[in-house]
Amino acid sequence: MPLTTANLAEIGRDVPVPSYDRAQVTPGIVHLGVGGFHRAHQAMYLDRLMNDGKALDWGIRGIGVLPHDARMKEVMDAQDGLYTLVLKDPDGSREPRVIGSILDFLHAPADPDAAVEAMADPRIRIVSLTVTEGGYNIDAVTGEFVLDAPEVAADLADGAVPGTTFGLVTEALRRRRDRGVPPFTVMSCDNVQGNGHVAHQVFVAFARAKDAELGAWIDANVRFPNCMVDRITPGTTDDDRAEVRERFGVEDAWPVVCEPFVQWVLEDDFGLGRPPYEDAGVQVVDDVEPYELMKLRLLNASHQALCYFGHLAGYRLVHEVAQDPLFADFLLQYMEREGSPTLPPVPGIDLDAYRHELVHRFSNGEVRDTVARLCNESSDRIPKWLLPVVREQIATGGEFFRAAAVVASWARYAEGVDEQGEPIEVSDRIADRLVATARRNREEPTAFIADRTLFGDLVDDEAFVAEYTGALASLHAKGARATLEEIVAR
């Protein structure tokens with residue numbers, strides 16, 4: 001049965017479908033970056049509210065900013081914005097539900113003005129973002145917005161048609177200001193420390209460069225709440241599509257699969273109101289930072305800790321790595337001895353239980369998350385998730401040799417050849433540069449960490465260099481598994 005509005009009643013005999021009349025839902029949110037995570041997380045929470053008869057004036061209009069988002073538009077148009085969300089429990093059971101909170105999808109490259117007007121619509125009170133960690137155009141060393149990036153420079157040119165997230169959102173805010181419409185709230189939902197503060201910084205920086213007066217207006221009037229989001233959501237595969245079709249009888253071109261666990265901690269800072277998220281299980285708080293740092297430095301950094309070592313050791317699925325006692329011990333040691341000491345108190349959280357729960361979540365064999373997904377875009381992830389732990393531990397005299405070894409495992413992985421001599425496909429925005437540098441590892445052991453745009457001044461720290469080069473030498477001489485065994489035994 002094709003997944004469309006017309007077929008919902010039939011599909012609903014076997015799979016839970018929206019209990020609300022979608023024709024009565026009006027838009028209140030525009031979301032940029034509609035991928036698997038947004039559909040497993042923010043859109044799911046809204047659908048949960050709508051099924052309770054709430055938030056029917058907070059429907060989502062999706063916008064794709066990248067050329068390849070054209071495929072998502074095709075699917076969402078054909079399916080009336082509907083999709084199947086499937087929770088994969090560790091015991092093999094499945095919990096499907098058709099989600100209906102996304103009303104439509106616009107492809108900004110095909111019609112930039114329509115995308116801008118969607119956000120300029122007075123009914124829109126929130127513009128939310130999942131544009132990835134690298135989507136904020138921040139220099140990893142200076143922390144400044146990069147104005148001379150080619151796409152940004154093109155958007156800043158006089159008379160330019162906006163093409164970036166920054167250009168589109170800023171133009172929408174300009175139109176609202178000029179029309180006397182109050183500005184929407186910008187809600188970043190990306191894995192970036194202080195994501196609301198970062199979003200504030202980058203949009204104001206762009207707007208000031210475009211129009212100083214407009215930049216000042218955005219700085220003074222637009223709200224940018226912080227939040228922490230969490231749900232492991234692997235990329236959709238053909239096997240997932242086949243399972244939805246064969247197990248549930250639904251023909252869905254782009255279902256979403258994820259783990260049962262979900263968390264959203266959200267700062268209550270909205271200019272034009274918000275849905276009653278707390279009624280759907282969101283933790284609405286005054287200060288997100290403790291939860292955010294916990295997630296970034298334990299969950300996200302642990303993903304980095306397992307993926308390069310795991311790939312080099314021959315694993316291709318995350319649960320296989322996490323179920324290996326050696327890797328589980330390594331992750332728990334990193335979290336307890338290096339990540340956790342850098343955290344402020346986290347209200348209501350038992351950190352020891354949280355650490356063990358993470359390993360349990362990583363071990364869910366039904367999710368079938370890939371090691372390759374976690375290895376992607378490392379140059380955006382390691383500097384944001386792992387290196388802050390290294391720096392804080394150096395500053396306080398704490399242990400950091402495990403984190404240094406993770407950096408070494410990335411450098412070894414980036415050489416592009418595994419321990420069996422098979423090629424590794426390095427997927428990163430600066431992959432060519434990383435691979436070229438990493439292939440000098442044996443002759444110049446510090447070549448990789450000498451890239452100050454990624455590592456800052458860590459190459460000048462003798463203790464870090466010693467731990468890093470020691471781990472790298474071990475990886476070359478003994479391999480990933482033997483290296484980990486020595487680290488765990490220290």
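# Notebook: strands, a pocket and one serine

I started with the β3/β4 pair: strand β3 (residues 83-88) and strand β4 (residues 94-99) run antiparallel and are joined by six bridges. I note here that the model is predicted. I looked up one facing pair and found Leu 87 opposite Glu 95 in β4. The two strands form a hairpin, with five residues between them. In the turn, Gly 92 has a positive phi of about 95°.

**The open sheet**

Next I traced the strand order of the open sheet. Its five strands run β5-β2-β1-β6-β7, and the pairing is parallel. I marked β5 (102-107) and β7 (185-188) as the edge strands, since each pairs on one side only. I then checked the twist: neighbouring strands of this sheet are turned by 25° against each other on average, direction ignored.

**Around β2**

I went through the partners of β2 one by one. Strand β1 (residues 27-32) runs parallel to strand β2 (residues 59-64), and five bridges join them. For the register, I found Pro 27 opposite Gly 59 in β2. Further on, His 31 stands opposite Gly 62. β2 also pairs with β5, again in the parallel sense, over five bridges. There Gly 64 faces His 107 in β5.

Is β2 buried or exposed? I counted six of its six residues as buried, so the strand is largely enclosed by the rest of the structure. I checked both faces, and both are covered. Gly 59, Arg 61 and Ile 63 are buried on one side. Ile 60, Gly 62 and Gly 64 are buried on the other.

**Second largest pocket**

I turned to the second largest pocket, which has a volume of about 250 Å³. It is lined by 16 residues. Closest to its centre I listed Lys 88, Thr 237, Asp 240, Val 367 and Arg 368. Lys 88 took me back to β3, where it falls within residues 83-88. Which helix gives the most to the lining? I found helix α10 (residues 238-248), with three residues. I sorted the lining by type: eight residues are charged, four are polar and four are nonpolar.

**Ser 363**

Last, I looked up Ser 363. It sits in the loop between α14 (351-362) and α15 (371-375). Its relative accessible area is 18%. The cut-off for buried is under 20%, so Ser 363 counts as buried. I also searched for a partner of its side chain. A polar atom of that side chain lies 2.7 Å from the backbone oxygen of Val 359.

Methods
Residues numbered from 1 in each chain as written. Predicted model: local features only at pLDDT ≥ 70, side-chain atom pairs only at ≥ 80, totals over all residues. Heavy atoms only, no water. Pairing = 2+ DSSP bridges. Helix = DSSP H or I, 4+ residues; strand = E, 2+ residues; numbered from the N terminus. Axes fitted to C-alpha atoms, helices over the stretch in contact; angles between N-to-C directions. 1 Å grid on protein atoms, 1.4 Å probe; cavity = no way out; pocket = protein on both sides within 12 Å on 5 of 7 lines; lining within 4 Å. Points joined across faces, edges and corners; volume = space filled by probe spheres on them. Nonpolar A, V, L, I, M, F, W, Y, C, P; charged D, E, K, R; others polar. Buried < 20%, exposed > 50% of the residue type's maximum accessible area, 1.4 Å probe, protein only. Polar contact = N/O pair within 3.5 Å; in protein donor to acceptor, adjacent residues only side chain to side chain.
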